[in-house]
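Visitor: I would like to go through this structure with you, one question at a time.

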Amino acid sequence: MKDYINWKRTKFAAEIGEDDYNTEVTLCGWVQYTRDLGKMAFIHLRDRSGVAQLTALSKTMDKEIFDLIVSVPRESAISVRGIVKQSTQAKAGWEIIPYKVKVMGKASTPLPLGVVDKVEADMDTRLDNRFLDLRKPHIQSIFMIRSTILNAAREVFLEEDFVEIQTPKIVATATEGGTALFEMNYFDKKAYLNQSPQLFKQTMMATGLDRVFEIGPAFRAEEHDTVRHLNEYTSIDCEMAWGDLDDSLEILEKVIQRAYSNVLNTNYMDLENLQHKIVSPERPFPRLKYGEIIEKLASIDLEMADEVSGKKRTIEWGDDIPLEGFREIAKDRPSLYFVTEWPMKLKPFYIQPSPDDHEISQGFDLNYGEKELVSGGQRVHDPGQLKTLIKERGLDLEGFKFYLKAFDYGMPPHSGWGLGAERLTMIITGLSNVRETVLFPRDKHRLTP
Ligand code: AMO
């Protein structure tokens with residue numbers, strides 16, 4: 001027989017209040033829990049907003065429907081039509097007395113992953129069954145927050161007159177150094193998955209668009225198997241012309257600040273689900289010079305392996321700052337701070353030297369404690385200087401032809417930065433593993449789902 005009932009949701013569980021008492025509602029969601037007492041049964045129906053208690057009474061329902069609702073396996077997707085009744089026993093102060101039920105998607109048994117189990121399953125089981133993992137409210141909250149963060153960035157860029165762009169992900173040239181590239185066949189040529197939109201976003205500075213941003217995937221074939229590295233991540237990139245580095249830093253501060261404030265305003269329930277408290281950072285963020293950090297680390301005798309001899313020695317100017325170094329700095333600076341005035345040799349070829357000292361770059365990082373969130377800087381816009389820097393790094397000019405061409409026909413001064421969406425989400429949600437912030441993470445051991 002044709003089903004003439006409209007099973008569309010009329011309310012979310014969390015929307016139900018006193019005004020709905022004694023009215024009819026249709027709820028849609030998943031069966032979280034069932035307790036069958038014979039003539040009566042309690043069912044917890046979970047939707048995106050929360051949980052509703054259904055109190056099924058055999059005397060007010062067709063036997064067939066009562067039997068169906070008490071026997072439907074946990075985590076099945078159902079729609080329920082019923083009356084909202086005030087109740088002193090139900091936690092919410094109300095319950096639903098159902099009279100019609102439709103099973104939309106029956107769940108198989110046993111479940112590969114418990115949704116309401118007190119004990120958290122291991123990461124691999126969770127990622128292998130991500131659709132069930134996301135039924136847990138605190139896991140769903142991570143992605144609600146991630147969505148707010150990406151929209152906050154977009155909001156600021158659009159307010160500040162940036163133009164959204166998309167650049168190719170299949171490319172012929174490395175951007176961030178040749179070691180971390182995924183290679184692929186492109187018909188009869190070799191191609192790579194792009195590590196960063198760097199060369200393309202800079203090329204856009206020669207077009208007159210002036211300010212561009214891109215939120216898109218970046219691929220790094222790094223061997224790192226850490227809680228901070230992914231092989232595919234989402235990069236929030238921007239580039240702006242006719243200004244200086246301070247303009248770029250200001251936009252970055254605004255993006256980060258807006259991400260915090262929008263999450264605080266719209267995701268307070270999600271933060272509660274994650275049992276995490278955040279405070280919106282104040283602008284301007286503190287700025288530390290690379291040299292000051294090295295001095296501090298040398299004063300506590302932080303040791304590292306010499307690049308040439310491999311022997312242990314105290315850290316000195318010119319060394320990259322290892323994670324242990326940033327851990328020391330994080331003891332005094334557990335939150336956001338810029339690291340500026342890096343040595344030229346520690347920054348990519350496209351970063352401009354300081355006008356006062358050619359050993360020092362106009363590149364910066366933004367850290368949160370020991371974690372790097374952002375890299376960026378004032379770019380080289382003089383074509384001759386850029387070619388020299390590319391050659392000095394032992395890179396082949398030929399591979400950069402399309403990029404260099406844009407510098408030969410009127411390239412304005414420009415700066416920009418790249419922010420890892422997952423690292424920012426990790427910090428705002430208070431999670432310790434970056435994999436938590438990606439639906440289907442790609443790491444050294446994981447290619448499915
Ligand atoms: P960089 O290589 O420092 O700079 O990357 C910028 C930011 O991207 C994020 N990120 C990653 N996140 C997760 N997994 C990874 N493997 C990974 N690699 C990078 C980090 C990092 O701070 N072109 C420059 C940016 C610029 O100058 O505009 C770049 O890509 O949050």
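The questions below cover the domains, the ligand site and the strand pairing.

Visitor: Into which domains is the protein chain divided, and how many Å apart are the C-alpha centres of domain 1 and domain 2?

Guide: The model is a predicted one. Its domain assignment gives domain 1 as 2–105, while domain 2 is made of two segments, 137–286 + 333–437. Between the C-alpha centres of domain 1 and domain 2 the distance is 48 Å.

Visitor: How many residues surround the ligand, and what share of its area does the protein bury?

Guide: The shell around the ligand holds 21 residues, and the closest are Q198, K201, E222, E372 and R379. One polar contact runs from a nitrogen atom of the ligand to an N or O atom in the side chain of E222, at 2.6 Å. Taken alone, the ligand exposes 630 Å², and the share of this that the protein buries is 94%.

Visitor: Which residue has a backbone N or O atom 2.8 Å from an oxygen atom of the ligand?

Guide: Y233 is not the one, as the N or O atom there belongs to its side chain and lies 3.5 Å from an oxygen atom of the ligand. The backbone atom at 2.8 Å from a ligand oxygen belongs to L373.

Visitor: Which element supplies the largest share of the shell around the ligand?

Guide: By class, the shell divides into six nonpolar, seven polar and eight charged residues. At least two shell residues come from each of α5 (198–203), β17 (371–378) and β18 (414–420). The largest share is five residues, and the element that supplies it is β17.

Visitor: In β18, which residue is the bridge partner of G376?

Guide: β17 and β18 run antiparallel and are joined by five bridges. In β18, the partner of G376 is W417.

Visitor: Which strands stand at the edges of the open sheet of eight strands, and why is one side of each left without a neighbour?

Guide: The sheet has mixed pairing and the order β6-β10-β11-β18-β17-β16-β15-β12. Each edge strand has a single partner strand, so one of its sides has no neighbour in the sheet; these strands are β6 (163–164) and β12 (287–289).

Visitor: Is strand β2 largely enclosed or largely open, and why?

Guide: β2 (residues 40–47) has eight residues, and a residue counts as buried under 20% relative accessible area. Six of the eight meet that cut-off, so the rest of the structure leaves β2 largely enclosed.

Visitor: How many residues lie between β1 and β2 in their hairpin, and how many between β2 and β3?

Guide: Six bridges join β1 (residues 24–36) to β2 in the antiparallel sense, with R35 paired to F42. β2 also pairs antiparallel with β3 (residues 50–57), over eight bridges, and there R46 has V51 as its partner. In the β1 and β2 turn, G38 has a positive phi of about 95 degrees, and the residues between those strands number three. Between β2 and β3 the number is two.

Visitor: Which residue in the turn between β8 and β9 has a positive phi?

Guide: β8 (residues 182–186) and β9 (residues 189–193) are antiparallel and joined by five bridges. M184 stands opposite A191 in β9. The hairpin has two residues between its strands, and the one with a positive phi, about 50 degrees, is F187.

Visitor: Where does L68 lie, and how many Å is it from R220 in space?

Guide: L68 belongs to helix α1 (residues 63–71). It is partly exposed, at a relative accessible area of 32%. In sequence L68 and R220 are 152 residues apart, and in space, C-alpha to C-alpha, the distance is 51 Å.

How values were computed:
Residues are numbered from 1 along each chain as its sequence is written. This is a predicted model: local features need pLDDT of at least 70, side-chain atom pairs count only at pLDDT 80 or more; totals for chains, interfaces and linings use all residues. Side-chain values use heavy atoms; hydrogens and water are left out. Domain bounds come from an automatic or database domain assignment. A residue is near a molecule or strand if one of its heavy atoms lies within 4 Å of it. A polar contact is a pair of N or O atoms within 3.5 Å; within protein, one must be able to donate a hydrogen and the other to accept it, and residues adjacent in sequence count only if both atoms are side-chain atoms. Accessible areas come from the Shrake-Rupley method with a 1.4 Å probe; for residues, only the protein chains shown count as cover. Helices (H or I, at least four residues) and strands (E, at least two) are DSSP runs, numbered from the N terminus. Ala, Val, Leu, Ile, Met, Phe, Trp, Tyr, Cys and Pro count as nonpolar, Asp, Glu, Lys and Arg as charged, and the others, Gly among them, as polar. Buried means under 20% relative accessible area, exposed over 50%, partly exposed in between (1.4 Å probe, protein chains only). Two strands pair if DSSP finds at least two bridges between them.
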